[in-house]
Amino acid sequence: MDQNFRLTEPGGAGGVGDFVLKISNSEEDPRLLEAQIEALTLLDREPGPLETARVVSNRAGERWTREGPHPVWLVTWLDGMVLADLPDPSDELWSELGRGLGDLDRRLAHFDPPPARRTYAWDLRHAAEALRFNEHIQDLAGRDVVRRRLEAFREDIAPLFPRLPLQVIHNEANDHNLLVRGEGPAARVAGLLDFGDLVWTARVCEAAIAATYAMFETADPAASGARVLAGYHEILGLERAEVRAV
């Protein structure tokens, strides 16, 4: 398991004085860690509406080092509250989230490190592979729903993937990885954390994942998810096949 520690320089609280010391698990692939760092460096060179952490090199100029079995690295702290702690996100926040992720993927469009082209269980293209775990669902009615949905995905959606635009995406824009600033209806999406699920996959998976988490958080799931997708579409126009896949 990865571990993260907030570090504050003496005499400073917040802003440039705060950092996050990241201790990766001992099985972390160094090549994938390098890909994460490269992604953050690219995004830092071309800032957008979603802030991302800046990687801080050590005194030897290294962006990460190994302490015992663990890769260790340092990034800047981003202020804000995780979206999960925000009651009643506004309609505009969901639209803003979609636009922010569209901008993020626009900036990542030509980023193609070989380690990101991995076979990864959390790549939505492989969702139907979860069918082999279906028997572990104790609730029989729920098991049947999951089976039917995953079979439908395998038959109707998976064949679309060869026609979809592919690129590296963040792949985990959930409510614990998104930072917001402000309160109530004025709260706005400010930052994005944790690039550990970075993967080369169908671009539209970025918007679909974010829309799904938005649907968990509101009384009108369809409307909230649609606002995320519409916001994303404003920045990166979704193709017909992508809309069908969603």
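This is a short working chat about a predicted model, covering its core, aromatic rings, largest pocket and a few single residues.

Biologist: Let's start inside. Which residues touch the most other members of the largest nonpolar core?

Modeller: Trp73, Leu93, Leu97, Leu101 and Phe195 do, in a core of 58 residues. Helix α1, residues 30–45, gives the most to this core, with eight residues.

Biologist: Why would such residues sit together?

Modeller: As a general point, nonpolar side chains tend to be buried together in soluble globular proteins.

Biologist: Take Phe195. What does Phe195 touch, leaving out residues up to four places away in sequence?

Modeller: Gln36, Ala39, Leu40, Leu43, Thr52, Leu104 and His170.

Biologist: And Asp194, where is that?

Modeller: Asp194 is in the loop between β9 (188–192) and β10 (199–202). Its phi is near 60°, a positive value in a residue other than glycine.

Biologist: Is Asp194 buried, exposed or partly exposed?

Modeller: Partly exposed. The relative accessible area of Asp194 is 39%, and that falls between the cut-offs of 20% for buried and 50% for exposed.

Biologist: What about Asn171? What is its phi?

Modeller: Near 80°, again positive in a residue other than glycine. Asn171 lies in the loop between β7 (166–169) and β8 (178–181). Asn171 counts as buried because its relative accessibility is 5%.

Biologist: Switching to rings. How many aromatic pairs does the structure hold?

Modeller: Two. Phe153 and Phe161 form a tilted pair, with 6.0 Å centre to centre and 50° between the planes. Both of these residues, Phe153 and Phe161, are buried.

Biologist: And the Tyr213 and Phe216 pair, what is its geometry?

Modeller: Edge-to-face. The centres of Tyr213 and Phe216 are 5.8 Å apart, and the planes are at 85°.

Biologist: Where do Tyr213 and Phe216 sit in the fold?

Modeller: In helix α4, residues 204–216. Tyr213 and Phe216 are three residues apart there, so about one helical turn separates them.

Biologist: Are they buried or exposed?

Modeller: Tyr213 is partly exposed, at 30% relative accessibility. Phe216 is exposed, at 59%.

Biologist: Which ring does Arg117 lie over?

Modeller: Trp200. Arg117 is over the face of that ring, at 3.6 Å from the ring centre. Arg118 lies over the face of Tyr120, at 3.8 Å from the ring centre.

Biologist: Now the largest pocket. How much space lies in it?

Modeller: About 1,000 Å³. The largest pocket is lined by 32 residues.

Biologist: Which of them lie nearest the centre of the pocket?

Modeller: Leu124, Ala127, Phe153, Ile209 and Thr212. So Phe153 turns up twice here: it lines the pocket, and it pairs with Phe161.

Biologist: Which helices supply the lining?

Modeller: α3 (140–157), α4 and α5 (221–235) each supply at least two residues. The largest share, nine residues, comes from α4.

Biologist: Last one, Lys22. Where is it?

Modeller: In strand β2, residues 18–23.

Biologist: Buried or exposed?

Modeller: Buried, with a relative accessible area of 19%. The cut-off is under 20%.

Biologist: What is Lys22 in contact with, beyond its neighbours within four places in sequence?

Modeller: Gln3, Asn4, Pro71, Val72, Trp73 and Val75. Lys22 and Pro71 are 49 residues apart along the chain, and their C-alpha atoms are separated by 8.3 Å. Trp73 is also one of the core residues named at the start.

Conventions
Residues numbered from 1 in each chain as written. Predicted model: local features only at pLDDT ≥ 70, side-chain atom pairs only at ≥ 80, totals over all residues. Heavy atoms only, no water. Helix = DSSP H or I, 4+ residues; strand = E, 2+ residues; numbered from the N terminus. Buried < 20%, exposed > 50% of the residue type's maximum accessible area, 1.4 Å probe, protein only. Core = buried A, V, L, I, M, F, W, Y, C linked by side-chain atoms within 4.5 Å. Contact = heavy atoms within 4.5 Å. Phe/Tyr/Trp six-rings, centres within 6.5 Å; stacked < 30°, edge-to-face > 60°. Lys NZ or Arg CZ within 6 Å of the ring centre and 35° of its normal. 1 Å grid on protein atoms, 1.4 Å probe; cavity = no way out; pocket = protein on both sides within 12 Å on 5 of 7 lines; lining within 4 Å. Points joined across faces, edges and corners; volume = space filled by probe spheres on them.
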